[in-house]
Amino acid sequence: MTAISEYAPLVTGKYITYQLDSFRYLPFSNQSIIISFQVKYQVDSMITDNIGRPAFRILRYIRKNPTDAWQHDNTFMAINTGTSFEFVENNFRFIKLKQPFRDTYTWKGNSYINTNSGFSEVRYLDDWDYEYDSVNAPLKLGTISLDSTVKVNQRDDIIGFPNDPSVFSEINFGVEYYAKGIGLVYRRFFHSEYQPPTTSGGSGYYTNDSKGVTLTLIDHN
């Protein structure tokens with residue numbers, strides 16, 4: 001059986017550098033912007049999580065241009081449970097990978113996240129079914145060729161009619177690729193919620209939590 005560590009190696013000093021493209025809408029409008037950076041995720045040290053399990057601290061560094069110095073801007077946590085790979089980001093715990101690595105195998109990747117309470121700001125993450133596709137398939141990202149990857153389909157859902165500005169619509173999309181011996185090599189996430197104009201006039205707009213992120217591998221050790 002394929003081990004979790006093959007697709008999510010956690011070794012102190014290991015890093016992956018990505019092109020980060022961040023997509024957002026301007027406040028209370030339907031106009032969007034894309035801001036691009038480079039980010040580096042580096043395995044820092046072994047720690048324990050809040051229930052005493054072995055885990056690793058992941059430091060993220062960011063820079064605008066390749067010639068700029070790296071600046072630390074965030075800290076995450078990763079846990080290999082033996083049968084799954086969990087990643088904690090901004091206090092949200094995701095089950096990113098889970099055994100067995102087999103096409104069409106599914107699991108509830110966001111099951112640790114509070115999506116149902118009245119205080120939840122991420123209700124759109126509720127009940128996502130993560131599913132393996134193309135296990136052990138090759139992948140080419142730009143000039144980088146990867147021999148063995150696994151695709152994780154997370155969500156591809158449209159509510160309403162996004163092309164009609166007179167009605168409500170919502171889009172949720174998530175997909176990730178992991179490469180053997182490297183880890184996450186590509187991620188695309190997108191969430192949008194469009195509120196149409198009211199009967200009293202005005203224009204439609206996208207809510208503040210409407211956003212998108214694309215991570216693409218550019219370097220690793």
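# Chat: fold, core and local backbone

Reader: What share of the 221 residues is buried?
Author: Buried residues make up 44% of the protein's 221 residues. Buried means under 20% relative accessible area, exposed means over 50%, and partly exposed is in between, using a 1.4 Å probe and protein chains only.

Reader: What kind of model is this?
Author: A predicted one: local features need pLDDT of at least 70, side-chain atom pairs need pLDDT 80 or more, and totals for chains, interfaces and linings use all residues. Residues are numbered from 1 along each chain as its sequence is written, and side-chain values use heavy atoms, leaving out hydrogens and water.

Reader: How many helices and strands?
Author: There is 1 helix, and there are 13 strands. The helix comes at the N-terminal end of the order, and the strands follow. Both are DSSP runs numbered from the N terminus: H or I of at least four residues for helices, E of at least two for strands.

Reader: What is the radius of gyration, and what would a compact globule have?
Author: The protein has 19 Å, which agrees with the value near 17 Å for a compact globule of 221 residues. That rule is 2.2 Å times the number of residues to the power 0.38, and the radius is taken over C-alpha atoms. The C-alpha atoms fill a box of roughly 60 × 40 × 35 Å along the principal axes.

Reader: What fraction of contacts is between residues 24 or more positions apart?
Author: 48%, counting contacts with a separation of 6 or more. A contact means heavy atoms within 4.5 Å.

Reader: Now the inside. Which residues have the most contacts in the largest nonpolar core?
Author: Ile-58, Leu-97, Tyr-132 and Val-185, in a core of 54 residues. Strand β11 (residues 183-195) gives the largest share, 6 residues. Such a core is a set of buried Ala, Val, Leu, Ile, Met, Phe, Trp, Tyr and Cys residues joined through side-chain atoms within 4.5 Å.

Reader: What does Val-185 touch?
Author: Beyond four places in sequence, its partners include Tyr-18, Leu-139, Tyr-177 and Leu-217.

Reader: Met-77 next. Buried or exposed?
Author: Met-77 is buried, at 15% relative accessibility. Strand β4 (residues 71-80) holds Met-77. Its contacts more than four places away in sequence include Ile-47, Phe-56, Ile-58, Phe-87 and Arg-93.

Reader: And Phe-92? Which strand?
Author: Phe-92 lies in β6. Phe-92 is partly exposed, with a relative accessible area of 30%. Leaving out neighbours within four places, Phe-92 contacts Phe-87, Ile-113 and Val-122.

Reader: Switching to backbone. Which peptide bond is cis?
Author: The one from Gln-99 to Pro-100, with omega near 0 degrees. Pro-100 sits in the loop between β6 (92-98) and β7 (106-108).

Reader: What is the general pattern for phi and peptide bonds?
Author: Most residues other than glycine have a negative phi, and most peptide bonds are trans.

Reader: What is phi at Asn-91?
Author: Near 70 degrees, so positive in a residue other than glycine. Asn-91 is in the loop between β5 (84-89) and β6. Asn-91 is exposed, with a relative accessible area of 77%.

Reader: And phi of Thr-104?
Author: About 75 degrees, again positive and not a glycine. Thr-104 belongs to the loop between β6 and β7. At 57% relative accessibility, Thr-104 counts as exposed.

Reader: Last one. How many positive and negative side chains?
Author: 21 positive and 24 negative, with the centres of the two sets 5 Å apart. Lys and Arg count as positive, Asp and Glu as negative; His and the chain ends are not counted. Each charge is placed at NZ of Lys, CZ of Arg, CG of Asp or CD of Glu.
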